[in-house]
Amino acid sequence: MIKVKENYSIKELHTFRMPVYARWFVEYETVDELRSLLQSDLLKQNKFLPIGGGSNLLFVRERYEGVLLHSAIKGISILQETESEVVVKVGAGIVWDDFVAYCVSQGWGGAENLSYIPGEVGASAVQNIGAYGVEVKDIIHEVETVEIATGATRVFQNPECEYGYRSSIFKHELKGKYIVTAVSYRLQKTPTLHLDYGNLRNSLPEGDITLADVREAVIGIRRSKLPEPDECGSAGSFFMNPVIPVEQYERLKTTYPDMPHYVVDETHVKVPAGWLIDRCGWKGKSVGGAAVYEKQCLVLVNKHNALPSDVVTLAEMIRQSVQETYGITINPEVNYIE
Ligand SMILES: Cc1cc2nc3c(=O)[nH]c(=O)nc-3n(C[C@H](O)[C@H](O)[C@H](O)COP(=O)(O)OP(=O)(O)OC[C@H]3O[C@@H](n4cnc5c(N)ncnc54)[C@H](O)[C@@H]3O)c2cc1C
């Protein structure tokens with residue numbers, strides 16, 4: 001059933017938990033409902049935005065003068081199964097971590113390192129979510145969509161999604177053109193565990209490690225480092241880690257010998273944005289109710305009744321100071337919503 005709400009508070013529907021209202025909030029449960037909505041005057045005459053759990057969004061104003069379109073398409077079904085793997089189709093409106101928990105309970109490996117990432121299945125395929133050395137592109141088989149202009153369904157095979165670091169074709173070339181309705185993932189029945197990232201291995205028990213052990217360890221680490229949206233609003237990592245040319249890194253290293261980096265390829269390195277922000281002195285600093293998270297400078301939080309303008313101003317001040325200090329441009333990972 002289609003649900004339409006007008007002048008609707010979305011404070012609890014985005015993880016920054018700021019006082020934002022949507023002119024309309026519309027929810028649908030099936031692909032046919034979505035297609036009929038796309039034909040409606042409401043969507044033809046107003047701007048609209050597909051949203052999932054609102055965990056990577058920064059509404060820049062206290063009112064969104066359009067339609068927020070939320071998928072409540074549910075369902076998990078097996079498309080293919082062999083002795084070694086299973087391909088499962090999952091509705092875009094399923095909470096991502098519920099799906100991860102389901103995979104772990106079934107003994108299917110591949111998603112466990114991505115435990116506890118907020119948000120829903122549809123956005124996982126748009127954002128190419130990643131954590132602990134794994135990206136969702138590693139397990140995505142195909143992505144089912146509806147084209148906004150025509151209402152036609154289209155299935156994108158994994159290579160067609162052009163996945164990169166926190167990016168996909170749906171965030172770039174095809175931005176605003178397709179709505180994801182379901183995602184199929186390929187999971188392993190005899191999983192290869194990925195344990196050599198950060199402090200994951202140290203958080204695991206001795207001996208044989210199960211998928212449930214990995215999930216539990218990942219959740220434990222994440223809870224200790226990241227704010228829980230219900231306690232302190234945020235959108236996770238606010239900025240992406242910048243990728244810079246090796247020569248620029250070598251020059252900077254003469255002045256900042258302890259600057260961490262990860263090799264991307266022969267000509268580029270990635271520098272942790274959190275380190276840059278920390279070294280510019282931003283830890284714990286605030287603008288209005290918005291602040292830089294004490295435990296992780298990459299995260300901006302709604303510390304005390306923040307308004308969208310507080311977060312926008314703080315982010316811009318941080319961006320400028322990193323640019324002036326290091327000559328490095330940091331770009332938001334969070335989607336700014338006008
Ligand atoms: C505390 C915290 C920790 C986080 N940790 C991580 C992390 O470790 N790794 C990581 O990658 N991310 C992380 N994130 C960011 C966030 O969880 C992901 O980006 C997630 O995929 C967003 O999902 P969502 O359903 O909330 O999408 P939303 O924030 O609602 O939307 C994100 C984007 O996807 C688009 N979109 C949503 N649904 C659809 C759809 N059905 N069809 C087409 N477009 C759609 C929206 O228009 C928007 O552009 C974290 C966020 C928080 C708050």
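Colleague: Which residue in S16 stands opposite Tyr262?

Modeller: Strands are DSSP runs of E with at least two residues, helices are runs of H or I with at least four, and both are numbered from the N terminus. S15 and strand S16 (residues 268-270) pair in the antiparallel sense over two bridges; strands pair if DSSP finds at least two bridges between them. Opposite Tyr262, in S16, stands Lys270.

Colleague: What pLDDT do local features need in this model?

Modeller: Numbering first: each chain counts its residues from 1, as its sequence is written. The model is predicted: totals for chains, interfaces and linings use all residues, side-chain atom pairs count only at pLDDT 80 or more, and local features need pLDDT of at least 70.

Colleague: How many helices and strands does the protein chain have, and what is its radius of gyration?

Modeller: The protein chain has eight helices and 20 strands. The radius is taken over C-alpha atoms, and the globule rule is 2.2 Å times the number of residues to the power 0.38. For 338 residues that rule gives 20 Å, and the chain comes close to it, so it is as compact as a globular protein of that length; its own radius of gyration is 20 Å.

Colleague: What percentage of the contacts join residues at least 24 apart?

Modeller: Residues are in contact if their C-beta atoms, placed from the backbone, lie within 7 Å. Consider contacts in the protein chain between residues at least 6 apart in sequence. The share joining residues at least 24 apart is 62%.

Colleague: Which strands are the edges of the sheet S14-S16-S15?

Modeller: This sheet is open and its pairing is antiparallel. Helix H6 (residues 246-255) lies across S14 and S16, at about 85 degrees to S14 (axes are lines fitted to C-alpha atoms, for helices over the stretch in contact; angles run from 0 to 180 degrees between N-to-C directions). Two strands pair on one side only: S14 (243-245) and S15 (262-263).

Colleague: Which residue in the turn between S10 and S11 has a positive phi?

Modeller: Strand S10 (residues 140-147) and strand S11 (residues 153-157) run antiparallel, joined by five bridges. Glu144 stands opposite Val155 in S11. The two strands form a hairpin with five residues between them, and the residue with a positive phi of about 80 degrees is Gly151.

Colleague: Which element gives the largest share of the shell around the ligand?

Modeller: The shell holds 34 residues, near meaning a C-beta atom, placed from the backbone, within 6 Å; Gly52, Gly53, Gly119, Gly122 and Gly236 come nearest. Elements giving two or more residues include strand S3 (48-51), strand S12 (178-188) and helix H4 (121-127). The largest share, five residues, comes from H4.

Colleague: Why is one side of S13 without a neighbour in its sheet, and which strand is its partner?

Modeller: The open, antiparallel sheet runs S13-S19-S18-S17. S13 and strand S17 (286-287) stand at the edges with a single partner strand each, so one side of each has no neighbour in the sheet. Ser234 stands opposite Val301 in S19. Three bridges join S13 to its antiparallel partner, strand S19.

Colleague: Does Ser321 count as buried or partly exposed?

Modeller: Ser321 is in helix H8 (residues 308-326). A residue is buried with 20 or more other C-beta atoms within 10 Å of its own, exposed with 12 or fewer, and partly exposed in between; C-beta atoms are placed from the backbone. Ser321 has 16 C-beta neighbours inside 10 Å, so it counts as partly exposed.

Definitions and conventions:
Two residues are in contact if their C-beta atoms, placed from the backbone, lie within 7 Å.
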